[in-house]
Structures are given as C-alpha cells and as structure tokens.
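Visitor: Please take one part of this chain and go through it closely. I would like the salt bridges, with whatever surroundings help to place them.

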Amino acid sequence: MKNTCFRINLVKISSLKLIISLALLSLVGLSACNSDDIGGNLYTFTDETMGEYLRKHPDSYSEFTRLLDTTHVMSLLNTYGTYTCFAPDNKAMRAFYKLKGKSDLSDFSLDSLKQIAYDHIIMGTAVNSTSFVEGRLPELSMSDRYITVTMKNTGEIFINKTSQIIVKDIIVHNGIIHQIDEALNPVRDGVVEAISKDAHFNLFYQALEATGLADSLMLVQDDSYNAENYKDLATTTLDQNNWFYEVVPQKRKFGYTVLMESDSTMNASQGITDMESLKVYAASVYDKVYPEDANITNPKDRRNSLNRFIAYHLITKQLGYSTFIDAYDVAQMVKTRDMYEYVETMCPNTLIEVSKIRSLNETNLLNRDPETGAAVRIVKSNSDNDAINGVYHEVDKMLVYDQATHNMMSTKRLRFDSASFFDELTNNNMRDKGVTDPNLRFALPRGYVNRISCTEQTVVQYLTGYPKYE
C-alpha cells in the first residue's frame, strides 16, 4: 500500500518516545513520479452563471440574492471560476432573520452579512450530491468552515445536521447549486465554549476545567504567518497546465478534537455521578499504569490520574468522523485488508488506535481488542459537533489508556502514514484536500511544521496520496 508522499531533505523529526516499530506507508525522498497527463472535465455546463440563475428565480431566492448583492459576492458568482452554493430559499432566510432577533436583512452589519454569505459558498470546486461523503466535506466554505453532510436512509440529505437539501445538483456554468430549507448557521464558539453549552457532557466539562486542560484548547490561528512571504516556494502553478501544481498553505491554523463520554454513559458504565467518583475511577485506571505517580493529587499536574484521563480524550488536530480513517481509504488501498491509523493524544506518550475492520463492515473502532473484539465507538448520531477551532464527538464507552491498551500498543508492530505525525497537515486541510485533488502539492515554508527542522536550502513539500507516485 502507498499513501502520503513527502519530498524532503536534511530533516529531523521529533520522536514519540514510545518503543515502536514504524513501517511508514509514505514514500520518502522520492526522486521521480509518474507524470502522465490526467486532465479531464468533471462538470456539465449550462449557459447561465450561478448569479444569473439565482437572480432569475426570485420566488425562491430573492432574499439570498439581496444578501449577495449587498455584500458584492454576487459579482463573484457571475465570473469565471467554480463554486458550490448551498442556497437558502426565501422562507429559510426570513426564519434566519427571526432566529437572530432581526426583522430584515438591513438590520445586520455588513461584516455579519459577508460572513453569512461566505458560510454558504465553497470556492474552487463544484461538489455534486453523488460525491457527498457522510460527515465533513473536505472542501471548506469561503468563511473557512467545514460543512457537514448527513444522509438519511430515506434519501434525505442534510447540511450541518439541520438544513435539508430540497433541490440538489442545479448545474450552472460555473458550478453547482443546492437549494436548502434552512440558512447555515455554524457555531462561532471555540471548542471549549461549545462543550460548555452541551448538557450531555457536564461532568467531562467540569473535569476539563478542573485539570486546566481547557486552557490548552484555545488556539485558533497563527496570526504571524503570512503566505505572501512564501509564494515563491510554489514554482509550478496551476496556470502552467502541468500534470501537477504547487501551492503554499494560505494560513497556519490550529485545531482540536475532543472525544467525550456523556454523563449518562459515565453513570451507566461506572456509576460515575460527580467529580469525586470520576476522580476515583480515573485513579483506578491510571494509577495501575503509572504507579510511581499514584500519590499526585493536584489535578492540574500532568501526571495526575484525572489529568491523564481527560488528556487521553484530547487530540491536537481536527478530526471529523470521516477523517479518523475513512477519508484515506482511497483507490490504491487493498480493499480486503483492514486499515489502521494511530492518533497521538495530549496524554504524554500515548496513542489511540483507530481501525477499519472489513469483515465487520465497521469503521472508527477505537482501541479494539483483537482477541475479544471489544472496542470504543464514536456515536455517529452525536459526532462532528463543530466549533471554530475544533470538533467534538461522543463515545459510547469509557475511553482510557489502561494496562490492557498499553500492552496491546507496546507488543505489536504499528504502521504509520507519516502524515499523521504532523498536525499542521490536518489542521490546514492539506491531508484532506490532497485526497480530493491528487495533482496538488503543498510547498511548506521553513518552520511551518513544528516537528520538521531543516536548513534554509532544504525544499520540503507534502505530496498527497496518489497511485502515480511510484
């Protein structure tokens, strides 16, 4: 199997401090790649642009058209390019005004209106319903937010869980429109604040604050990074019509994933009803794995058992339900072989094993015991809860790095895709975007990736998973 490809020279990567044997699925130090032309037209075009189509259907879109006109986004949708638009109908727009305590579009500030417009548009690609995946789309909206797709057994498709597509795949000259019955309204809170408002996870949130780990989930973006300073690193651009092209990451964002047991799961599983009983349970697990730290009672000490319990649920990159492992089950994967991904947690020197077991037709099995089949599962109906700097998911059992998990991890060979080592590739949508656009290479500025150090003469590129890299 082949997956990620790095062009890299004179690089030092920090280790995991675990005694593991790495069989990298990546191709390192590639000297040449297959350069067959793979061009092609993916879309069917009509004469109308997206803007023209929306304007010609005022019975459905006059309010959304007003929004686009006011923000001058309409001029963008009338130009050459490729866009996906989730267009709320007039009823949806008026309901949105009411939800926000407004009576009309004119009651919003211009900055707010721009954000609302950008929430509904993906620039650079046309995403039709046949290419929808369950969970987060790999393409970001113009407001830099993920868009989540939920597909019901009845054939209904929902965007961001509550907005139903009522007319799909309206193909226009410069993209695709999907009419929706509710305006998109993504959460503007950070991941900690979003969790604090979710009544399912009161105990976990209390422990997150008590351990001080909430303060470790606050970063959003490195404002000192300016892509313009590094644009010369991309020497093969899209307009050169080569079989591949290079780009420099436009931002340097941070992100987090939180896996949580609900209050009801803690109670049903271990009789945990308050912070004291949660502390007792955490000690019963982690004091056995780390007996030398059993007497550390300060929950803000990283060696404390409650601190370790919470930290093991925290990941320093954004992983939607599909990007734990499913997104990387691409064409070159052997479909009869199970898949494994290993995710570092904020509990020092620990991993979560994520597996996709073909014979069971199951995915996102966490720390599955190969003998008994016991595993922790993400509750799909309560997954992909979005925040401005992360995402959180409910899990159905107690997720712990206990002695059995430690033994499992330390007594078998762990095979890694090297891209999983670098949070920046996931948090800045490079790993996901590469799956959908395999012609794309990312030129990485020196210092962009924390775990890669190199000389000024070194060229570092991230080449995404693609069969031509042989």
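**A close look at charged residues and their surroundings**

Guide: A buried acid comes before the pairs: D89 sits in the loop that runs between strand 4 (83-88) and helix 4 (90-99). The model is a predicted one. D89 is buried but takes part in no salt bridge, and the nearest side chain of opposite charge, that of K91, is 7.5 Å away. A salt bridge here requires a side-chain nitrogen of Lys or Arg within 4 Å of a carboxyl oxygen of Asp or Glu, so a separation of 7.5 Å does not qualify. What does D89 touch, leaving aside neighbours within four places in sequence? Its contacts are S60, I166, Q179, I180 and D181.

Next, the pairs themselves. Side chains of opposite charge can pair when their charged atoms come close. The count of salt bridges comes to 28. Three of them are described here, beginning with one inside a helix.

K279 forms a salt bridge with E276, and the closest N and O atoms are 3.7 Å apart. Both residues belong to helix 9 (residues 275-289), where they are three residues apart, or about one turn of the helix. K279 is partly exposed, since its relative accessible area is 33%.

The second pair is K356 with D326, whose closest N and O atoms are 3.2 Å apart. K356 is in strand 15 and D326 is in the loop between strand 13 (314-315) and strand 14, so this salt bridge ties together parts that are 30 residues apart in sequence. K356 counts as buried because its relative accessibility is 16%, while D326 counts as partly exposed at 24%.

In the third pair, E353 forms a salt bridge with K412, with 2.5 Å between the closest N and O atoms. This pair links distant parts of the chain, 59 residues apart: E353 is in strand 15, and K412 is in the loop between helix 11 (403-410) and helix 12 (423-427). E353 has a relative accessibility of 1% and therefore counts as buried. K412 is partly exposed, with a relative accessible area of 31%. Turning back to K356, salt bridges that share partners join this residue with D326, D329, K335 and R358 into one network.

Strand 15 (351-357) also borders a loop with a backbone feature. N349 lies in the loop between strand 14 (339-344) and strand 15. N349 is not a glycine, yet its phi is positive, at about 60 degrees. Most residues other than glycine have a negative phi, and most peptide bonds are trans. N349 counts as partly exposed because its relative accessibility is 37%.

N160 shows a positive phi as well, of about 50 degrees, and is not a glycine either. N160 is in the loop between strand 8 (157-159) and strand 9 (163-172). With a relative accessibility of 24%, N160 counts as partly exposed.

N160 leads on to an internal space. Rolling a probe the size of a water molecule over the atoms shows where empty space is left. A search of the whole structure gives two cavities of 30 Å³ or more, and the second largest cavity has a volume of about 40 Å³. N160 is one of the residues that line the second largest cavity, together with D119, S141, S143, R145, Y146, I147, L184 and P186. That lining divides into four nonpolar, three polar and two charged residues.

One more basic residue deserves a place here. R308 lies in helix 10 (residues 305-311) and counts as buried, because its relative accessibility is 9%. Not counting residues up to four places away in sequence, R308 touches Y286, Y290, D293, R302, R303 and C347. The C-alpha atoms of R308 and V400, which are 92 residues apart along the chain, are separated by 8.9 Å.

For the setting as a whole, the chain has 13 helices and 22 strands. Of its 470 residues, 52% count as buried. Among contacts between residues at least 6 apart in sequence, 68% join residues at least 24 apart.

Definitions and conventions
Residues are numbered from 1 along each chain as its sequence is written. This is a predicted model: local features need pLDDT of at least 70, side-chain atom pairs count only at pLDDT 80 or more; totals for chains, interfaces and linings use all residues. Side-chain values use heavy atoms; hydrogens and water are left out. Helices (H or I, at least four residues) and strands (E, at least two) are DSSP runs, numbered from the N terminus. Buried means under 20% relative accessible area, exposed over 50%, partly exposed in between (1.4 Å probe, protein chains only). Lys and Arg count as positive and Asp and Glu as negative; His and the chain ends are not counted. Contact means heavy atoms within 4.5 Å. On a 1 Å grid over the protein atoms alone, a cavity is a set of points where a 1.4 Å probe fits but cannot get out, and a pocket is an open set with protein on both sides within 12 Å along at least five of seven lines; lining residues have an atom within 4 Å of a point. Grid points are joined across faces, edges and corners, and a volume is the space filled by probe spheres set on the points. Ala, Val, Leu, Ile, Met, Phe, Trp, Tyr, Cys and Pro count as nonpolar, Asp, Glu, Lys and Arg as charged, and the others, Gly among them, as polar.
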